[in-house]
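Trainee: I've got a model open and I'd like to learn how to read it. Can you walk me through it?

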Amino acid sequence: MKKRILAMTAVAAISALALGAMANAEGETIGVAMPTQDLQRWNQDGENMKAQLEEKGYVVDLQYAGNDVATQVSQIENMIANGDQLLVIASIEGDSLGTVLAQAKEAEIPVIAYDRLIMNTDAVSYYATFDNYLVGKTQGQFIVDALDLENADGPFNLEMVTGDPGDNNVNFFFGGAMEVLQPYIDAGKLVVPSGQMTKDEVATAGWATDAAQSRFENILSSNYADGTTLHAVLASNDSTALGVANALAANYTGEYPIITGQDCDIANMPNIIDGKQAMSVFKDTRTLATKVVEMVDAIMTGAEAPVNDTETYDNGTGVIPSYLCEPVAVTIDNYKEMLVDSGYYTEDQLQ
């Protein structure tokens, strides 16, 4: 605990020394490093943040790295060299930025880790994300409720697909889901016919739809070709859920399973509306962007950044003060209220 307190104190000192004297930081440049434009959510995150920061008067250096670590490192190096005053970084791999962020620390540039915690560096000042453990628990609980595992005898067949092993969030998504599901696996109510149950076995490189589809086609041909029913699929996000749905369409004729997801991607919404994906966890990136802008503005003007968690997220050098936004489950029953009525999407976009 002493180590954690010292780490947090050091972070606060760096921020104060670097920027505490600025009464008005309007016109300063904020570097925003996003992992890729291949997934819809990162485009939304980046553009939402850029728009809100620009409304505050900041200049925004927004970069996408094409899911290439070396490219992201180079982009961050350029942000530091160009004099960006603060960095917001959604990392591709949580352990790959230690060296470049040491340069940021030396230059007294505060760093906010965005959505994905950056590991094993003391250069991270704050972390902003959704409650990713709750995301996993929400997905797991949806499966429990949909199969009525409290009352039904089972057994029910379950398969699992999560994301990139280099993404620290996978630990929270998978850990939260398994906290809910593991007791039913232990009791024999849930069975995993493929035998693939560890985080590494169910990983999907790059969260890629085609990689998820390929792996799931193999699962189906090896374990369900004889007519065995697949009852549920724990898919950690929508790109992997889409891969599962594609594999099922080509290789499965049995009773359609419950499929979870996350992000409410436009590509997945027709499947939710048609009953081919049971749910997706909605993380309103406008809310997260707003909170990050509040953090940026506080740091840049020497005020106190908003946080609501100072215990959970240890990146290997100490606990990183964090702000967690709350996710919600979206289904065919509430998607209009959550996505259309809120202005996140138009009805036409979901057709």
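Mentor: We'll go through helix packing, then aromatic pairs, then a few single residues. Keep in mind that this is a predicted model.

Trainee: Okay, helices. How do I describe two that pack together?

Mentor: Two packed helices are described by the angle between their axes and the distance between the axes. Try helix α3 (residues 69-81) and helix α4 (residues 98-106): they pack at an angle of about 10 degrees, with their axes 10 Å apart. Angles under 35 degrees count as roughly parallel, so α3 and α4 are roughly parallel to each other.

Trainee: Which residues of α3 and α4 meet there?

Mentor: From α3 you have V73, I76, E77 and I80, and facing them in α4 are V100, L101, Q103 and A104. Sorted by class, the α3 and α4 contact has six nonpolar residues, one polar and one charged.

Trainee: What about α7 and α8, at what angle do they cross?

Mentor: Roughly 40 degrees, with the axes of helix α7 (residues 209-223) and helix α8 (residues 238-251) coming within 7 Å. That makes α7 and α8 oblique to each other, and their crossing is right-handed. On the α7 side, the contact is made by T209, A212, Q213, F216, E217 and L220. On the α8 side, look for S239, T240, L242, G243, V244, N246, A247, L248 and N251. The split for α7 with α8 is seven nonpolar, seven polar and one charged.

Trainee: And how do α5 and α6 pack?

Mentor: Helix α5 (residues 132-147) packs on α6 at an angle of about 30 degrees, with the axes 7 Å apart. The α5 and α6 crossing is right-handed. Among the residues that meet are Y133, G136, G140 and V144 in α5 and F172, G176, V180 and Y184 in α6. By class, the contact of α5 with α6 divides into 10 nonpolar, seven polar and two charged.

Trainee: Let's do rings. How many aromatic pairs does a search of the whole structure find?

Mentor: Five. To read a pair, look at the distance between ring centres and the angle between ring planes; planes over 60 degrees apart count as edge-to-face. The rings of F282 and Y344 have centres 4.8 Å apart and planes at 80 degrees, so that pair is edge-to-face.

Trainee: Where do F282 and Y344 sit along the chain?

Mentor: F282 is in strand β10 (residues 280-282), while Y344 is in the segment after α11 (335-340), so the pair ties together parts that are 62 residues apart in sequence. Y344 also forms an edge-to-face pair with Y345, at 4.9 Å centre to centre and 70 degrees between the planes.

Trainee: Are these ring residues buried or exposed?

Mentor: Under 20% relative accessible area is the cut-off for buried. F282 is at 5%, so it counts as buried. Y344, at 10%, counts as buried as well, and Y345 is buried with 3%. Elsewhere, ring pairs link Y127, F172 and Y313 into a cluster.

Trainee: Now single residues. What does R286 touch?

Mentor: Not counting residues up to four places away in sequence, R286 touches N48, Q52, S342, G343 and Y344. R286 is found in helix α10 (residues 285-300) and is partly exposed, with a relative accessible area of 25%. For a sequence-distant partner, compare C-alpha atoms: those of R286 and Q44 are separated by 8.3 Å, though their positions lie 242 residues apart along the chain.

Trainee: How would you read D164?

Mentor: Start with its place: D164 is in the loop between β6 (156-161) and α6 (169-186). At 16% relative accessibility, D164 counts as buried. Leaving aside neighbours within four places in sequence, D164 is in contact with V170, T204, A205, G206 and W207. D164 and A208 are 44 residues apart in sequence and 8.5 Å apart in space, C-alpha to C-alpha.

Trainee: And D238, what is its relative accessible area?

Mentor: It's 0%, so D238 is buried. D238 is found in helix α8. With neighbours within four places left out, D238 is in contact with G261, Q262, D263, C264, D265, N268, Q277 and S280. The C-alpha atoms of D238 and T209 are separated by 8.6 Å, at 29 residues apart along the chain.

Note on methods:
Residues are numbered from 1 along each chain as its sequence is written. This is a predicted model: local features need pLDDT of at least 70, side-chain atom pairs count only at pLDDT 80 or more; totals for chains, interfaces and linings use all residues. Side-chain values use heavy atoms; hydrogens and water are left out. Axes are lines fitted to C-alpha atoms, for helices over the stretch in contact, and angles run from 0 to 180 degrees between N-to-C directions. Helices (H or I, at least four residues) and strands (E, at least two) are DSSP runs, numbered from the N terminus. Angles under 35 degrees count as roughly parallel, over 145 as roughly antiparallel, 65 to 115 as roughly perpendicular and the rest as oblique. A crossing is left-handed if the near helix is turned anticlockwise from the far one by less than a right angle, and right-handed if clockwise. Contact means heavy atoms within 4.5 Å. Ala, Val, Leu, Ile, Met, Phe, Trp, Tyr, Cys and Pro count as nonpolar, Asp, Glu, Lys and Arg as charged, and the others, Gly among them, as polar. Rings of Phe, Tyr and Trp (its six-membered ring) pair if their centres lie within 6.5 Å; planes under 30 degrees apart count as stacked, over 60 as edge-to-face and the rest as tilted. Buried means under 20% relative accessible area, exposed over 50%, partly exposed in between (1.4 Å probe, protein chains only).
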